[in-house]
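Here is a friendly tour of a protein model, arranged by topic so that you can follow along in your viewer. Have the sequence and the 3D view open as you read.

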Amino acid sequence: MIIVIDFGSQFNQLIARRVRENNVYCQIEPSNISVDKIRDLNPLGIILSGGPSSIYEDNSPSIDKSLFDLGIPILGICYGMHYMVHTLGGKIKKATKREYGFANLTIKDPNPLFKDMDSGFQCWMSHGDSAIQLPPNFVVTASTDNTPIAAIANHDKKFYGLQLHPEVEHSINGSLMIRHFLFDVCNCQKNWSMKSFCDGAISQIKAAVGDKKVIMGLSGGVDSSVAATLIHKAIGKNLFCIFVDNGLLRNNEKENLEKSLTSNLDLNIRFIDAQDKFLTALKQVTDPEKKRKIIGNLFIEVFEAEANKIEGAEFLGQGTLYPDIIESKSAFGGPTSIIKSHHNVGGLPEKMKLKLIEPLQLLFKDEVRKLGAELGINEDLIWRQPFPGPGLAIRIMGEITPSRLDILRAADTILLEEIREAGLYRKLWQSFAVLLPIKSVGVMGDKRTFANCIAIRAVTSNDAMTADWAKLPHDLLGKISNRIINEAENINRVVFDITSKPPGTIEWE
Ligand code: XMP
């Protein structure tokens, strides 16, 4: 395994992804990790990440210096390199200006990291401070015009420093540098695969759960579906899944899930029809936050009532992913952490007193998809775009009524058919229809109409934190508009949302 020490870089997860892409397991650890714990984890290499701090600032992140005595190869990136230089006796100069963007790197010294590369190429820099004096036994291995010490090495100790960011796509040869660090410097083996993860996770779940029961809420999305399928592989009929139909789903949502997980994979799912409950509670509610609160509370109530019928359940399964764990900064590690005591994730109440089982907590989204394929889940479910918990309620501006739900469902179905037909479904983070709270005048077949307006929302994104409106081809937009107005009832106008996030959000409410 490789450990990435988190010095606060926005690219930490990307570094871990780059390592895992090479079938080498990689884990991100906080910088306050003890050297004893690192020794226990027994990594073949350590990557010190970048970070926004300057090495001379008060409270800049640091790690126990005996890290450098472990005899483990270390790669310091940006701040990680500054930290290595500073700690081992070199000097860092505080920036007068930042170097940000592309720079031409010239290789000065043969170096395992730069094996098989041209003597100069483009890389991506983002830094203020720079190294100005090397620690003893280090050499400069590459420079740029603005940064004479752009890469360093202590060949004996296998310590390497890069001022550039090898993890970002724009750094030519960046992935190759990481690969060389893994295989030529650290002697890693390619043994991290979804198959090995899957086998390991199944035996861990078996060992932790034994013959006890696990309850799990399914949303219809990829994370909970994959987590449930994995748990099911481990404990079979002792997994009890609950799917709450809140009446705010898209056409065929429930049926598709049923087909994928019940018919094909034999999961035990209880489908709870709570449509009336939700729609009654939402009557005449127009405020977005009120809608969300009502739906959230009611979900807990319905889920809990059903869960209470399953006697003797001790565990609650959840599809929590690695980014959620890193973001919540919870320190964790090792197989035992796959089970945690219940901490109110997803708003489920403390009083359920269930222990959490989160088998995807080491995975990124694309790895979850690979795992889903490994488990035999069908492609449609694996590649489903995210759908919010409050469902269509936050895509109907104003009051939610059965007839307004029907209008939106019809428009949304057409939109998704066309997006799929155009081969864009997987390229878009999300694409959906929104029903606006206004009517407008139109003319259809020589007759005046006064009907509803649909907005099309389509975005590209990597993580939903930021998003760009998708530049859908005009022909496609025309076809979608035409079909919605002709085929769905009561709609005479379609508009296209061209707002990015920020300042907009992806959902309209
Ligand atoms: P926004 O609208 O905040 O959405 O840009 C970001 C991402 O989160 C999804 N979303 C939700 N998902 N429960 C969920 O499970 C929710 O209440 C919720 N609200 C927004 C949204 O679809 C987008 O992918």
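Where does the second largest pocket lie, given the domains that give residues to its lining? Keep that question in mind for a moment while we set the scene; please note that this is a predicted model.

## The overall layout

The protein is divided into three parts by the domain assignment: domain 1 covers 2-185, domain 2 covers 194-382 and domain 3 covers 395-496. Measuring from C-alpha centre to C-alpha centre, domain 1 and domain 2 lie 38 Å apart. The C-alpha trace as a whole spans about 80 × 60 × 40 Å along its principal axes.

In secondary structure, the protein has 14 helices and 21 strands. Of its 509 residues, 55% are buried. Contacts often bridge long stretches of the chain: among those between residues at least 6 apart in sequence, 73% join residues at least 24 apart.

## The second largest pocket

Back to the opening question. Both domain 2 (194-382) and domain 3 (395-496) give residues to the lining of the second largest pocket, so the pocket lies between them. Its volume is about 540 Å³.

To find this pocket in your viewer, start from Asn251, Asn252, Glu253, Asn256 and Arg420, which lie nearest its centre among the 20 lining residues. Three helices, α7 (253-263), α12 (379-382) and α13 (402-421), each supply at least two residues of the lining. What is the lining made of, by class? There are eight charged, seven polar and five nonpolar residues.

## Two nonpolar cores

Next, the protein's interior. The largest nonpolar core has 92 residues, and Leu230 and Leu371 are those with the most contacts inside it. Domain 2 (194-382) and domain 3 (395-496) both give residues to this core, so the core lies between them.

Which residues does leucine 230 touch, leaving aside its neighbours within four places in sequence? Its contacts are Phe197, Cys198, Ala201, Ile202 and Ile205, together with Pro359, Leu360, Leu371 and Leu375. There is also a second, separate core, with 36 residues, and it includes Val19, Leu105, Met125 and Cys188.

## A covered helix

Is helix α3 (residues 79-87) mostly covered or mostly open? It is mostly covered, with eight of its nine residues buried. Those buried residues are Tyr79, Gly80, Met81, His82, Tyr83, Met84, Val85 and Thr87.

What covers the buried residues of α3 includes a set of strands: β3 (45-48), β4 (74-77), β5 (91-93), β8 (130-133), β10 (151-154) and β11 (159-162). After α3 comes glycine 89, which has a positive phi near 110 degrees.

## Positive phi outside glycine

Two other residues have a positive phi, and each one sits in a loop. Asparagine 137 has a phi of about 70 degrees although it is not a glycine. You will find asparagine 137 in the loop between β8 and β9 (139-143). With a relative accessibility of 64%, asparagine 137 counts as exposed, because the cut-off for exposed is over 50%.

Lysine 158 also has a positive phi without being a glycine, at about 60 degrees. Its place is the loop between β10 and β11. How accessible is lysine 158? At 32% relative accessibility it counts as partly exposed, because this value falls between the 20% limit for buried and the 50% limit for exposed.

## An exposed lysine and the cis prolines

Lysine 471 lies in the loop between β20 (468-469) and α14 (474-487). Is lysine 471 buried or exposed? Its relative accessible area is 55%, so lysine 471 is exposed. From C-alpha to C-alpha, lysine 471 is 46 Å away from isoleucine 132, and the two are 339 residues apart in sequence.

Finally, look at the segment after β21 (491-496), where proline 502 is found. The peptide bond leading from lysine 501 to proline 502 is cis, with omega near -15 degrees. The bond from proline 502 to proline 503 is cis as well, with omega near 10 degrees, and proline 503 is likewise in the segment after β21.

Note on methods:
Residues are numbered from 1 along each chain as its sequence is written. This is a predicted model: local features need pLDDT of at least 70, side-chain atom pairs count only at pLDDT 80 or more; totals for chains, interfaces and linings use all residues. Side-chain values use heavy atoms; hydrogens and water are left out. On a 1 Å grid over the protein atoms alone, a cavity is a set of points where a 1.4 Å probe fits but cannot get out, and a pocket is an open set with protein on both sides within 12 Å along at least five of seven lines; lining residues have an atom within 4 Å of a point. Grid points are joined across faces, edges and corners, and a volume is the space filled by probe spheres set on the points. Helices (H or I, at least four residues) and strands (E, at least two) are DSSP runs, numbered from the N terminus. Ala, Val, Leu, Ile, Met, Phe, Trp, Tyr, Cys and Pro count as nonpolar, Asp, Glu, Lys and Arg as charged, and the others, Gly among them, as polar. Domain bounds come from an automatic or database domain assignment. A nonpolar core is a set of buried Ala, Val, Leu, Ile, Met, Phe, Trp, Tyr and Cys residues joined through side-chain atoms within 4.5 Å. Buried means under 20% relative accessible area, exposed over 50%, partly exposed in between (1.4 Å probe, protein chains only). Contact means heavy atoms within 4.5 Å.
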